[in-house]
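Have your viewer ready and your selection tool at hand. We will go from the overall fold to a few places worth a closer look.

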Amino acid sequence: MNFDDYRKYIFVFIITSVIFFTAFAISNYSDKKRIQNIQSIEDKIALDLLSSETQFNLLKELSCKAIDNSVLSQELNSIAEKLTYAEENLGVTNPEVIRLKKYYSVLQVKDYLLMKQVDQKCKQKLIFILYFYSNKGDCADCKKEGYVLTDLREEYPELRVYSFDYNLDFPIIKTLQAVFKLKNTLPAIIIGLPATTGTAQAGDETHYGFKSREEIENLMPILVKLKAAREKAQNTATSTATTTQKKK
């Protein structure tokens with residue numbers, strides 16, 4: 001091996017080392033940024049939880065006209081998307097991801113209890129679904145069920161969906177399992193219809209296994225009725241506005 005060969009090998013070694021350490025530094029930086037983002041979300045949730053306590057107190061004082069929606073409810077969808085992103089990028093067993101999921105679970109239960117009170121006080125006919133899933137790889141239909149529920153939630157504003165990891169080692173999850181007497185057969189959904197419908201109360205209907213959109217709509221015919229009533233009211237308002245414009 002001559003001198004030029006040595007120079008060539010040394011040059012290749014240096015280039016390879018630079019590429020390796022650069023990639024390592026970028027990866028390390030990205031992981032730190034993701035963890036910082038998670039911590040930022042946790043701080044936000046902590047504030048929301050504090051806000052929920054105030055909302056519970058205000059609820060006793062406010063009129064129903066002043067109650068439109070929970071501040072927590074507005075944040076839940078956004079946090080759910082960030083949690084999904086964190087799970088996909090850092091892994092479901094990452095300690096930061098697990099901690100974020102626990103915060104998220106508490107926030108959901110807070111919102112659920114708050115909106116139940118709003119529903120009872122203001123007769124808003126809210127419909128609740130508690131959805132239990134697993135991401136341990138033992139629930140082939142859980143992801144599909146999640147998509148169905150997201151789709152339904154977007155179409156029916158009266159429907160509130162709360163998602164919980166059945167296997168999360170957290171007292172609040174154990175309490176929910178005990179309260180609703182849940183079996184480890186996933187996916188599982190608990191449907192709570194408003195008391196004003198004169199039908200089932202929240203927690204009275206537990207369903208196991210994948211349910212399609214049509215099956216869930218059949219389980220909750222009130223959803224379709226509420227949508228029809230909402231569309232009728234919108235059409236009436238549009239017709240009235242058009243008639244008023246023509247008279248001018």
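Which pattern of helices and strands does the protein follow when read along the sequence? It is α-α-α-β-α-β-α-β-β-α-α, and in total there are 7 helices and 4 strands. Keep in mind that you are looking at a predicted model.

**The whole chain**

Start with everything shown as a cartoon, then colour by burial. Of the 248 residues in the protein, 37% are buried. If you draw the contacts as well, look at those with a separation of 6 or more: 72% of them link residues that are 24 or more positions apart.

**The nonpolar core**

In soluble globular proteins, nonpolar side chains tend to be buried together. Here the largest nonpolar core has 50 residues, and Ile129, Phe132 and Leu159 are the ones with the most contacts inside it. To see where this core comes from, select the elements that give it two or more residues: α2 (71-90), α3, β1 (127-133), α4 (142-155), β2 (159-165), α5, β3 (188-192) and α7 (221-247). The largest share belongs to α3, with 9 residues.

Now centre on Leu159. Which residues does Leu159 touch, not counting those up to four places away in sequence? They are Ile127, Ile129, Leu152, Arg153, Met220 and Leu223. Ile129 is thus in contact with Leu159, and both belong to the trio with the most contacts inside the core.

**Two helices that pack**

Next, select residues 95-122 for helix α3 and residues 171-179 for helix α5. Two packed helices are described by the angle between their axes and the distance between the axes. For α3 and α5 the angle is about 45° and the axes are 9 Å apart, so the two helices are oblique to each other. Show side chains where they meet: Ser105, Val106 and Val109 come from α3, and Ile172, Ile173 and Leu176 from α5. By class, this contact has 5 nonpolar residues, 1 polar residue and no charged ones.

**Along helix α7**

Move to Leu226, which lies in helix α7. Is Leu226 buried or exposed? Its relative accessibility is 16%, so Leu226 counts as buried. Leaving out residues up to four places away in sequence, Leu226 touches Lys125, Ile127 and Glu158. Ile127 is also one of the residues that Leu159 touches. For a distance to try in the viewer, pick the C-alpha atoms of Leu226 and Pro157: they are separated by 9.6 Å, although the two residues are 69 residues apart along the chain.

**A buried glutamate in α2**

Select Glu87, found in helix α2. With a relative accessible area of 15%, Glu87 is buried. Beyond residues up to four places away in sequence, Glu87 touches Val92, Val97, Lys101, Tyr133 and Asn135. Lys101 is 14 residues further away along the chain, and the C-alpha atoms of Glu87 and Lys101 are separated by 9.5 Å.

**The disulfide**

A disulfide is a covalent bond between the sulfur atoms of two cysteines. How many does the count come to here? The count is 1 disulfide. Select Cys139 and Cys142, whose sulfur atoms are 1.9 Å apart. The link is right-handed, with 90° about the S-S bond. Cys139 counts as buried at 11% relative accessibility, and Cys142 is buried too, at 5%.

**The loop between α5 and β3**

Most residues other than glycine have a negative phi, and most peptide bonds are trans. This stop offers an exception to each. Lys181, in the loop between α5 and β3, has a positive phi near 50°. Lys181 is exposed, with a relative accessible area of 69%.

Stay in the loop between α5 and β3 and select Pro187. The peptide bond joining Leu186 and Pro187 is cis, with omega about 0°.

**Last stop: strand β4**

From Pro187, step across to His207, which is in strand β4 (residues 205-208). Which residues is His207 in contact with, leaving aside its neighbours within four places in sequence? Show Pro187, Ala188, Ile189, Ile191 and Leu219. At 17% relative accessibility, His207 counts as buried.

Technical notes. Residues numbered from 1 in each chain as written. Predicted model: local features only at pLDDT ≥ 70, side-chain atom pairs only at ≥ 80, totals over all residues. Heavy atoms only, no water. Axes fitted to C-alpha atoms, helices over the stretch in contact; angles between N-to-C directions. Parallel < 35°, antiparallel > 145°, perpendicular 65-115°, else oblique. Contact = heavy atoms within 4.5 Å. Nonpolar A, V, L, I, M, F, W, Y, C, P; charged D, E, K, R; others polar. Disulfide = S-S within 2.5 Å. Buried < 20%, exposed > 50% of the residue type's maximum accessible area, 1.4 Å probe, protein only. Core = buried A, V, L, I, M, F, W, Y, C linked by side-chain atoms within 4.5 Å.
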